[in-house]
Amino acid sequence: MAHKCPDYVKELNDYLDGTLDPTLCREIEAHIGECPNCRIMIDSMRRTVSLCRDGVNEPLPPVLEDKLNATLKARWEKKFGKQA
């Protein structure tokens with residue numbers, strides 16, 4: 001029985017970590033060789049993992065940083081109350 005994309009999604013983390021059963025690993029590699037959507041997803045996940053491991057900080061644009069800080073402050077105050 002041929003597997004489809006959703007059949008492999010739950011296995012992708014183990015695939016990227018190299019901890020997946022070799023038979024299933026070969027199935028996924030064959031699938032991503034034929035499925036552009038899954039190939040894009042795997043490539044994106046690899047890049048995301050690489051960026052996180054590198055730990056490179058990218059400054060946010062000031063407007064976005066201000067908005068993020070205001071949102072976090074509002075949520076904090078809603079949950080814990082305002083500081084005196």
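Helices here are DSSP runs of at least four residues, numbered from the N terminus. In this predicted model, helix 5 is followed by Gly 81, whose phi is positive, near 90°. Helix 4 is likewise followed by a glycine, Gly 55, with a positive phi near 65°.

## Helix lengths

The table sets out helix 3, helix 4 and helix 5 with their spans.

| Helix | Residues in helix | Expected span at 1.5 Å a residue | Distance between end C-alpha atoms |
|---|---|---|---|
| Helix 3 (22–34) | 13 residues | 18 Å | 19 Å |
| Helix 4 (36–54) | 19 residues | 27 Å | 27 Å |
| Helix 5 (62–80) | 19 residues | 27 Å | 26 Å |

For helix 3, the distance from first to last C-alpha is close to the expected value. The end-to-end distance of helix 4 agrees with its expected span, and that of helix 5 agrees as well.

## Helix 3 and its surroundings

At the start of helix 3, a side-chain oxygen of Asp 21 comes to within 3.1 Å of the backbone nitrogen of Thr 23. Within the helix, the buried residues are Cys 25, Ile 28, His 31 and Ile 32. Seen down the helix axis, these buried residues fall within an arc of 125°, so they line one face of helix 3. The face turned away from that buried side carries Pro 22, Arg 26, Gly 33 and Glu 34, which are exposed.

What lies over the buried residues of helix 3? The cover includes helix 1 (5–9), helix 2 (12–17) and helix 4 (36–54).

Two of the buried residues can be followed in detail. Cys 25, in helix 3, has a relative accessibility of 19%. Buried means under 20% relative accessible area, so Cys 25 counts as buried at that value. Beyond its neighbours within four places in sequence, Cys 25 is in contact with Tyr 15 and Leu 20. The C-alpha atom of Cys 25 is separated by 9.1 Å from that of Asp 14, which is 11 residues away along the chain.

His 31, also in helix 3, is buried with a relative accessible area of 13%. Leaving out residues up to four places away in sequence, His 31 touches His 3, Lys 4, Cys 5, Tyr 8 and Cys 38.

## The cavity

How many cavities of 30 Å³ or more does the structure hold? There is 1. The largest cavity contains about 30 Å³ of space. Its lining is formed by Cys 5, Tyr 8, Val 9, Leu 12, Ile 28, His 31, Ile 32 and Cys 38. Helix 1 and helix 3 each supply at least two of these lining residues. Cys 5, Tyr 8 and Cys 38, which are among the lining residues, are also among the residues that His 31 touches. Ile 28, His 31 and Ile 32 belong both to this lining and to the buried residues of helix 3.

## Glu 11 in the loop

Glu 11 is located in the loop between helix 1 and helix 2. Is Glu 11 buried or exposed? With 18% relative accessibility, Glu 11 counts as buried. Apart from residues up to four places away in sequence, Glu 11 touches Leu 20, Leu 24 and Ile 28. Of these contacts, Ile 28 is one of the buried residues of helix 3, and Leu 20 is also a contact of Cys 25.

Glu 11 and Pro 62 are 51 residues apart in sequence, and their C-alpha atoms are 38 Å apart in space.

Note on methods:
Residues are numbered from 1 along each chain as its sequence is written. This is a predicted model: local features need pLDDT of at least 70, side-chain atom pairs count only at pLDDT 80 or more; totals for chains, interfaces and linings use all residues. Side-chain values use heavy atoms; hydrogens and water are left out. Helices (H or I, at least four residues) and strands (E, at least two) are DSSP runs, numbered from the N terminus. The expected span of a helix is 1.5 Å times one less than its number of residues. Buried means under 20% relative accessible area, exposed over 50%, partly exposed in between (1.4 Å probe, protein chains only). The arc is that of the directions from the helix axis to the C-beta atoms. Contact means heavy atoms within 4.5 Å. A polar contact is a pair of N or O atoms within 3.5 Å; within protein, one must be able to donate a hydrogen and the other to accept it, and residues adjacent in sequence count only if both atoms are side-chain atoms. On a 1 Å grid over the protein atoms alone, a cavity is a set of points where a 1.4 Å probe fits but cannot get out, and a pocket is an open set with protein on both sides within 12 Å along at least five of seven lines; lining residues have an atom within 4 Å of a point. Grid points are joined across faces, edges and corners, and a volume is the space filled by probe spheres set on the points.
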